[in-house]
Amino acid sequence: SLKLQNMHFAINFLNSIISISRKMSKIQPSSSGAPAPLTMERMETKDELIVAQSTSQCCRFLCFQPSINWVVNESDNFIPGTNPHDLPHSAWIHEESTFCMRTWSGCMPGCRETKYVQHAGSVPPAILDENKNCFSCQTGLVPEGLSEADRAKDVVATHEKGQTCGACCCVPPYLETKDASGKVIGRTEFICDWCIFVPKFDVIDTDGNRKYRIRPDTCIAGCCVMPRCDGRDSKGKCCKVPFIVRDPDTFEPVPSPAKEGKAQVTPLWAGWANECCMQKNAYHTAFPDNASAQEKLILMGSTILLDVVFLEQDDGGGGGGGGQ
């Protein structure tokens, strides 16, 4: 009987160690205290991410429009008014777009031909220091100081699009996601239908099959976006409309292991300085239950496309696909 009790104690102790190990594997801090690089293997373990612009949009217009770069945080530890750039980063994304395309992106950001390169690891100084000069004319594809070594370092995926129209039906915008080898793993497409006041996107897998539909909740027989006001407990999402990830056929929300219970892309309140002065957008992306690492990468591309088409220049309306 005593041996049996000891055996049960040993089994329970071992199960506790395994449970703690699994939880810690989702964090895996490095020796410096920062999260480990967000590689494909670690993407598999992530239930949610915060994707935030690192590039300030203050005083950016015409030839002063730079590349829009991003940083990635691993958890929904966002508190209203928190600066997402103060959180530890485990990945970053830089944009490569020509001077001509960026010059006109102030009025029609959804139209430009562009490429977003997603990296695992810490953010290089050229991206961290990119906002020191308000009026800087970037003539190259990338910010000044971003070396060729940085551009090619620890690439996880790319998100690319050709020249299109903005949020309209002529040549709808899209973002094609490729893995580090250049193989297409899926794409996100803007959808144009009779409900023109409701933004929506389809997520398509590598075989060309529709995997998800992304759109907000609606009202008035599906003709308008349903407003949202969640109050103090909304974790930076009060009055921010969530774009719900849905089944492509039934349009029912897809479950997520994240706190919200539904897979979604939600704009975040990033604090007065980021919202009003620097105009840097941030998003909480909650992934569907049992989504693969590739599907999560495609949804990160969906997050960026949503911003480019509707919110990148949405400072009181925007235009040409730049504002809702």
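# Exercises on burial, pairing and packing

Lysine 211 is partly exposed, with a relative accessible area of 33%. Here, buried means under 20% relative accessible area, exposed over 50%, and partly exposed in between (1.4 Å probe, protein chains only). You are working with a predicted model, in which local features need pLDDT of at least 70 and side-chain atom pairs count only at pLDDT 80 or more, while totals for chains, interfaces and linings use all residues. Residues are numbered from 1 along each chain as its sequence is written, and side-chain values use heavy atoms, with hydrogens and water left out.

## Exercise 1

Find the salt-bridge partner of lysine 211 and say where the two residues sit.

Solution. Start with the criterion: a salt bridge is a side-chain nitrogen of Lys or Arg within 4 Å of a carboxyl oxygen of Asp or Glu. Lysine 211 meets it with glutamate 295, where the closest N and O atoms are 3.3 Å apart. Next, place the pair: lysine 211 belongs to strand E9 (residues 210-215) and glutamate 295 to helix H7, so that 84 residues separate them and distant parts of the chain are linked. Helices (H or I, at least four residues) and strands (E, at least two) are DSSP runs, numbered from the N terminus. Finally, check burial: glutamate 295 counts as buried at 18% relative accessibility. Elsewhere, salt bridges with shared partners join Asp202, Arg210, Arg213 and Asp249 into one network.

## Exercise 2

For the salt bridges of arginine 210 with aspartate 202 and of aspartate 193 with lysine 200, decide which residues are buried.

Solution. Take arginine 210 and aspartate 202, whose side chains meet at 3.6 Å, N to O. Arginine 210 is partly exposed at 38%, whereas aspartate 202 is buried at 5%. Now take aspartate 193 and lysine 200, at 2.9 Å, N to O. Lysine 200 is buried, with 4% relative accessible area, and aspartate 193 is partly exposed at 30%. The whole structure has 14 salt bridges.

## Exercise 3

Identify the helix that gives the most residues to the largest nonpolar core.

Solution. First, the definition: a nonpolar core is a set of buried Ala, Val, Leu, Ile, Met, Phe, Trp, Tyr and Cys residues joined through side-chain atoms within 4.5 Å. The largest has 40 residues, and Met43, Trp70 and Met300 have the most contacts inside it. Helix H7 (residues 293-311) is the top contributor, with twelve residues. Another core lies apart from this one; its 13 residues include Val123, Val142, Leu268 and Ala282. Now look around tryptophan 70: leaving aside neighbours within four places in sequence, its contacts (heavy atoms within 4.5 Å) include Trp92, Tyr116 and Ile304.

## Exercise 4

Locate aspartate 154 and isoleucine 220, and give the phi of each.

Solution. A reminder first: most residues other than glycine have a negative phi. Aspartate 154 has a positive phi, near 50°, and lies in the loop between helix H5 (148-152) and strand E5 (155-161). Isoleucine 220 also has a positive phi, about 55°, in the loop between strand E10 (218-219) and strand E11 (224-225). As for accessibility, aspartate 154 is partly exposed at 43%, and isoleucine 220 is exposed at 59%.
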